[in-house]
Amino acid sequence: MFHIQELMDDEKCYEKIRSLRWPRSRPNACPSCTSNKIVKKGCNNRHPACRRYRCLNCGKRFDDLTGTIFSGHHQPLRIWIACMHLMGLDVSNLQIAKELGLNQSDCQQMTDLLRHGIHKRRRIPQMEGEVEFDEVYVIAGHKGHPEKIIGRKARRNRLKGARGRVRWPEKSRRSSG
Ligand SMILES: [Zn+2]
């Protein structure tokens with residue numbers, strides 16, 4: 001038995017990252033000082049497909065993964081990419097761990113980081129122009145008898161007062177009654 005990432009090409013994975021990050025697949029600004037005076041400076045010793053760069057302005061070094069979620073982790077980039085691919089197919093963490101030959105806690109940590117990263121980058125919808133909100137009554141289900149809910153009125157959503165062990169505060173009970 002083999003794991004899928006053994007058949008993946010490191011060079012292609014890094015090429016993909018470079019093309020996603022930078023125009024013409026080359027860094028256009030130093031992550032420290034934003035200068036565009038950057039020169040290529042060999043490659044990472046452990047991951048030869050990972051290019052390194054040096055900023056001529058501030059002298060700092062960085063590589064293809066600096067500033068990304070993949071930076072500073074021991075798993076090779078191809079495992080991260082295979083993991084993301086499987087996440088996109090709605091595969092469970094347990095199954096991802098099996099497919100990639102990872103232990104479960106490593107796999108959990110990777111998927112947590114990826115999900116957190118996606119959450120952080122999500123765009124908050126901005127509404128423009130005239131916006132209208134309507135009250136909507138959504139019927140959860142008719143349980144096999146659609147005729148029974150035709151013409152049924154919406155349920156009252158008003159506070160009905162104290163129920164069970166929880167009591168509404170005095171003020172809201174007075175105003176709702
Ligand atoms: Zn710099």
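Reply: Before we read any packing, take two residues to be in contact if their C-beta atoms, placed from the backbone, lie within 7 Å. Keep in mind also that this is a predicted model.

Me: With that in hand, which residues of α2 and α4 meet?

Reply: On the α2 side they are W80, C83, M84 and M87, and on the α4 side M110, T111 and L114. By class, the residues of this contact divide into six nonpolar and one polar, with no charged residue among them.

Me: How is the geometry of such a pair described, and what are the angle and the distance between the axes of α2 and α4?

Reply: In general, two packed helices are described by the angle between their axes and the distance between the axes. Here α2 packs against helix α4, which spans residues 104–121, at an angle of about 70°, and the two axes are 11 Å apart. Since angles of 65 to 115 degrees count as roughly perpendicular, α2 and α4 are therefore roughly perpendicular to each other.

Me: At what angle do the axes of α1 and α2 cross, and within what distance do they come?

Reply: The axes of helix α1 (residues 10–21) and helix α2 (residues 77–88) cross at roughly 70° and come within 9 Å. The helices α1 and α2 are therefore roughly perpendicular to each other, and the crossing in which α1 passes α2 is left-handed. On α1 the contact is made by D10, C13, Y14 and I17, while α2 contributes L77, R78 and I81. These residues divide into five nonpolar and two charged, with no polar residue.

Me: K12 is found in helix α1 as well; is K12 buried or exposed?

Reply: Because a residue counts as exposed if 12 or fewer other C-beta atoms lie within 10 Å of its own, K12, with 12 such atoms within 10 Å, is exposed. The C-alpha atom of K12 is nevertheless separated by 8.5 Å from that of A49, a residue 37 positions away along the chain.

Me: Let us turn to the sheet. In what order do the three strands stand, and is the pairing parallel or antiparallel?

Reply: As a general idea, strands of a sheet pair through backbone hydrogen bonds, either parallel or antiparallel. In this model the three strands form an open sheet in the order β1-β2-β3, with antiparallel pairing. The strands β1 (38–43) and β3 (61–63) stand at the edges with a single partner strand each, so that one side of each is left without a neighbour in the sheet. From one strand to the next, the twist averages 35°.

Me: How many bridges join β1 to β2, and over how many do β2 and β3 pair?

Reply: Four bridges join β1 to β2, and within that pairing I38 stands opposite C55 of β2. Strand β2, residues 51–55, pairs with β3 over three bridges; there, R52 has D63 as its bridge partner, and Y53 stands opposite F62. The strands β2 and β3 form a hairpin with five residues between them, and G59 in that turn has a positive phi of about 80°.

Me: Finally, in what sequence do the elements run from the N terminus, and what share of the residues counts as buried?

Reply: The chain holds five helices and three strands, which follow one another from the N terminus as α-β-β-β-α-α-α-α. Of its 177 residues, 14% count as buried. Among the contacts with a separation of 6 or more, 40% come from residues 24 or more positions apart.

Notes: Residues are numbered from 1 along each chain as its sequence is written. This is a predicted model: local features need pLDDT of at least 70, side-chain atom pairs count only at pLDDT 80 or more; totals for chains, interfaces and linings use all residues. Two strands pair if DSSP finds at least two bridges between them. Helices (H or I, at least four residues) and strands (E, at least two) are DSSP runs, numbered from the N terminus. Axes are lines fitted to C-alpha atoms, for helices over the stretch in contact, and angles run from 0 to 180 degrees between N-to-C directions. A residue is buried if 20 or more other C-beta atoms lie within 10 Å of its own, exposed if 12 or fewer, and partly exposed in between; C-beta atoms are placed from the backbone. Angles under 35 degrees count as roughly parallel, over 145 as roughly antiparallel, 65 to 115 as roughly perpendicular and the rest as oblique. A crossing is left-handed if the near helix is turned anticlockwise from the far one by less than a right angle, and right-handed if clockwise. Ala, Val, Leu, Ile, Met, Phe, Trp, Tyr, Cys and Pro count as nonpolar, Asp, Glu, Lys and Arg as charged, and the others, Gly among them, as polar.
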